[in-house]
Amino acid sequence: MHCPFCRHTDTRVLDSRVTDDGSSIRRRRSCGECGRRFTTAEQMQLTIAKRNGTVEPFVRDKAVAGVRKACKGRPVTEDQLARLGQEVEDSLRCAGWAEVPAHEVGLAILTPLRELDEVAYLRFASVYRAFTSAEDFEAEIVAMRLEHAVPADT
């Protein structure tokens, strides 16, 4: 770890604490050269296991980019997309996977996108679930209508 003040590499950890949400570790450090103190945060690297066998780091912007295409022309703000991206990342982290299978990313996107905008959801789902006919769209719309018809407290 380089000191942010003098760039010296000899730093010492004074204190480590898990953040309130448990997603990262906060470390208080001291530089052995200049003596100044600073804080670092460590977070587990979320990795995605792709279908071809490769593994790559999860990039929230990449997930949001696919959703942004589905939201084109819809009344969805960048703020809403950023919140959706955070929600997707949080749900993937909470799932406890060592490596998240790529298809789980799409599944994690579907629910919050459906709540955000149903048309964008249908667009995204049609690509993600590989709809091949109008009947696939009709079946999804029927399922959405049935879900709206069922009271939430049952």
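**A tour of two pockets and one distant residue**

Begin with the largest pocket of this predicted model, which holds about 570 Å³ of space. To find its centre, select K62, A63, A102, V105 and G106, since these residues lie nearest to that centre among the 23 that line the pocket.

Next, colour the elements that surround this space: β5 (55–57), α1 (60–70), α3 (102–116) and α4 (118–128) each contribute at least two residues to the lining of the largest pocket. Of these contributions, the one from α1 deserves a careful look, as α1 provides the largest share of that lining, with 7 residues. If you then colour the lining of the largest pocket by class, you should find 14 nonpolar, 3 polar and 6 charged residues.

Now move to the second largest pocket, whose volume is about 180 Å³. Select D21, G22, S23, Q43, M44, D90, R93 and C94, which together line this second pocket, and then show helix α2 (residues 78–94), which gives the most to the lining, namely 3 residues. Coloured by class, the lining of the second largest pocket shows 2 nonpolar, 3 polar and 3 charged residues.

For the last stop, select T9, which sits in the segment before β1 (11–18). Which residues does T9 touch, once its neighbours within four places in sequence are left aside? They are M1 and H2, both of which are in contact with T9. Finally, add E118 to the selection and draw a line between the C-alpha atoms of T9 and E118: the two residues are 109 residues apart in sequence, and in space they are 51 Å apart.

How values were computed
Residues numbered from 1 in each chain as written. Predicted model: local features only at pLDDT ≥ 70, side-chain atom pairs only at ≥ 80, totals over all residues. Heavy atoms only, no water. Helix = DSSP H or I, 4+ residues; strand = E, 2+ residues; numbered from the N terminus. Contact = heavy atoms within 4.5 Å. 1 Å grid on protein atoms, 1.4 Å probe; cavity = no way out; pocket = protein on both sides within 12 Å on 5 of 7 lines; lining within 4 Å. Points joined across faces, edges and corners; volume = space filled by probe spheres on them. Nonpolar A, V, L, I, M, F, W, Y, C, P; charged D, E, K, R; others polar.
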